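Please look through the structure shown here, beginning with a single side chain and its surroundings and moving outward to the fold as a whole.

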Amino acid sequence: MAARTDVFQSPDYFLVDELLTEEQKLIRESVRNYVKKEISPIIEDYAQRAEFPQQIVKQLGDLGCFGPTVPVEYGGGGLDGGGGLDYISYGLMMQELERGDSGVRSTASVQGSLVMFPIYAYGSEAQRKKFLPKLASGEWLGCFGLTEPNHGSDPSSMLTNFKDAGDHVILNGAKMWISNSPFSQVAVVWAKNESGDIQGLIVERGMEGFTTPTTHGKWSLRASSTGELVFDNVKVPKENIFPNVKGLKGPLGCLTKARYGIAWGVIGAAMDCYDTALRYSKEREQFGKPIGGFQLQQKKLAEMITEITKAQLLNWRLGVLMSEGRATPQQVSMAKRNACEVATNICRDARQMLGGMGITGEYPVMRHMMNLESVITYEGTHDIHLLITGMDVTGLNAFK
Ligand SMILES: Cc1cc2nc3c(=O)[nH]c(=O)nc-3n(C[C@H](O)[C@H](O)[C@H](O)COP(=O)(O)OP(=O)(O)OC[C@H]3O[C@@H](n4cnc5c(N)ncnc54)[C@H](O)[C@@H]3O)c2cc1C
């Protein structure tokens, strides 16, 4: 397939740019330029072949997209350790990456929020020094193992477990649907100890009994690699266990960071679909005039830009609250859920506006649309985030 020329123009209907600092705009520009140069020309081809573009790992490391939340001394951007990036910059990075492809943003989200952040927040100083710089630079790729074959939305019932064996523990069990697992050097794994408490362990490639089979046959996130983590009596040194967290709050704390990035990211995909549909509607003629001149197509475009604008403002406000340390996980849930819903609808409408061309790889729309079917499901399904909001406003638990 011929490389696509990326002519994206970012919609900004309510002049949200005026709310951004010069530094935030510079960071966005550098990631946007990277996507135009390195992602847009190749991503359709990788997605069609269901292949992970491994070169992006080093590129994203060089660009500073991996550890925005960890302090500069460990190779990160300094979000949570003082000095450096703010959460709006982090959000803008994710928006621009997902404008390219949800799989590319997933790689950055997993590495930064689900692997580096827990090692920094819950790990020992030795673990931080050993793993963080190599993960920040993209020399190593990491993955996050929470979901199991029989326990997705209800991770507290997980079966993966470890038993004490002197200077190490013996880990058994399996994780499923793990982004990047087939290419990862390290896996942050959540498992139960002998008392039934959830703890985090860093499992390294090469440990005996540890395998990462690839998941085949996905129609979504095809340019992202997904696999299992299988533990068959794996000896994990005790020094690889996180000393500073126990219980579900460990994995949930990381997921709040990653879900924040998704709220921004999917709006990037929606912006790409809107921009594509708008341009197409002015160029494509039927019944003697551009299809953009018909009311039915204008309704779609008007609703798209309305929802994009609302989500941009919600994300911006959430970014301010995150930077001030005032955002709640429930607010993040609302933003993730809303953004996924509007982005999914926008991509579906854009696909229809492109008619038959909408199903081809000539345009990015169908790829975004299919990708978002994963994003609306992972890191808490659409239903689960609704239940979180429902519980927050009523004080009543409808999960069980
Ligand atoms: C491409 C991809 C990449 C992923 N990457 C990772 C990763 O890197 N690491 C990781 O750990 N996981 C990952 N996941 C897993 C993802 O987080 C889970 O798929 C998700 O949490 C849902 O779990 P499940 O698939 O088991 O669905 P289930 O939990 O079985 O849910 C099935 C349906 O039941 C609904 N449901 C469940 N409970 C309730 C309830 N109480 N009330 C009402 N409805 C309910 C759900 O909303 C859903 O519609 C990934 C998934 C995908 C598809």
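Arginine 367 sits in helix α9, which covers residues 365-375, in what is a predicted model. Although arginine carries a charged side chain by class, arginine 367 counts as buried, because 25 C-beta neighbours fall inside 10 Å and the threshold for burial is 20 or more. If residues up to four places away in sequence are set aside, arginine 367 touches Glu44, Ala47 and Asp101. A further relation across the sequence is the one with glutamine 48, which is 319 residues away along the chain, while the C-alpha to C-alpha separation in space is 9.1 Å.

A second arginine offers a useful counterpart. Arginine 128 belongs to helix α5, residues 125-137, and is classed as partly exposed, since 18 other C-beta atoms lie within 10 Å and a buried residue would need 20 or more. Apart from neighbours within four places in sequence, arginine 128 is in contact with Tyr74, Ile119, Tyr120 and Gly123. Proline 118 is 10 residues from arginine 128 along the chain, and the C-alpha atoms of the two are separated by 9.6 Å.

Two helices may be checked for their length and their degree of enclosure. Helix α3, residues 87-100, has 14 residues, which at 1.5 Å a residue should span 20 Å, and the distance of 20 Å between its end C-alpha atoms agrees with that expectation. The same helix α3 is mostly covered, with 14 of its 14 residues buried. Helix α8, residues 329-353, has 25 residues and reaches 36 Å from its first C-alpha to its last, close to the 36 Å expected at 1.5 Å a residue. Of the 25 residues of α8, 18 are buried, so that this helix is largely enclosed by the rest of the structure. Just after α8 comes glycine 355, which takes a positive phi of about 55°.

A positive phi also appears at residues that are not glycines. Leucine 15, with a phi of about 55°, is found in the segment before α1 (22-49), and this leucine 15 is exposed, given that 8 other C-beta atoms lie within 10 Å. Glutamate 379 likewise has a positive phi of about 55° without being a glycine, and its place is in the loop between α9 and α10 (382-394). Glutamate 379, however, counts as buried, because 27 C-beta neighbours lie inside 10 Å.

Among the strands, β6 (residues 210-211) holds threonine 211, which counts as partly exposed because of its 15 C-beta neighbours inside 10 Å. Alanine 174 lies 37 residues from threonine 211 in sequence, with the two C-alpha atoms 9.7 Å apart in space.

What, then, is found in the interior, and which residues have the most contacts inside the largest nonpolar core? That core has 108 residues, and those with the most contacts inside it are Ala270 and Ala343. Helix α6, residues 249-283, gives the most to this core, with 17 residues. Alanine 343 touches Val266, Ile267, Ala269, Ala270 and Leu372, again not counting residues up to four places away in sequence.

At the level of domains, the chain is divided into domain 1 (16-140), domain 2 (143-240) and domain 3 (249-394). The C-alpha centres of domain 2 and domain 3 lie 30 Å apart, and the contact between them takes nine residues from domain 2 and eight residues from domain 3. On the side of domain 2 that touches domain 3, there are six nonpolar residues, three polar residues and no charged ones.

The whole chain can now be described. Its secondary structure comes to 10 helices and nine strands. The radius of gyration of the chain is 21 Å, close to the 21 Å that the globule rule gives for 400 residues, so the chain is as compact as a globular protein of that length. Along its principal axes, the C-alpha trace spans about 80 × 45 × 45 Å. Of the 400 residues, 51% count as buried, and among the contacts between residues at least 6 apart in sequence, 75% join residues at least 24 apart.

Conventions: Residues numbered from 1 in each chain as written. Predicted model: local features only at pLDDT ≥ 70, side-chain atom pairs only at ≥ 80, totals over all residues. Helix = DSSP H or I, 4+ residues; strand = E, 2+ residues; numbered from the N terminus. Rg over C-alpha atoms; globule rule 2.2 N^0.38 Å. Buried ≥ 20, exposed ≤ 12 C-beta atoms within 10 Å, placed from the backbone. Contact = placed C-beta atoms within 7 Å. Core = buried A, V, L, I, M, F, W, Y, C linked by C-beta atoms within 7 Å. Domains from an automatic or database assignment. Expected span 1.5 Å × (residues − 1).
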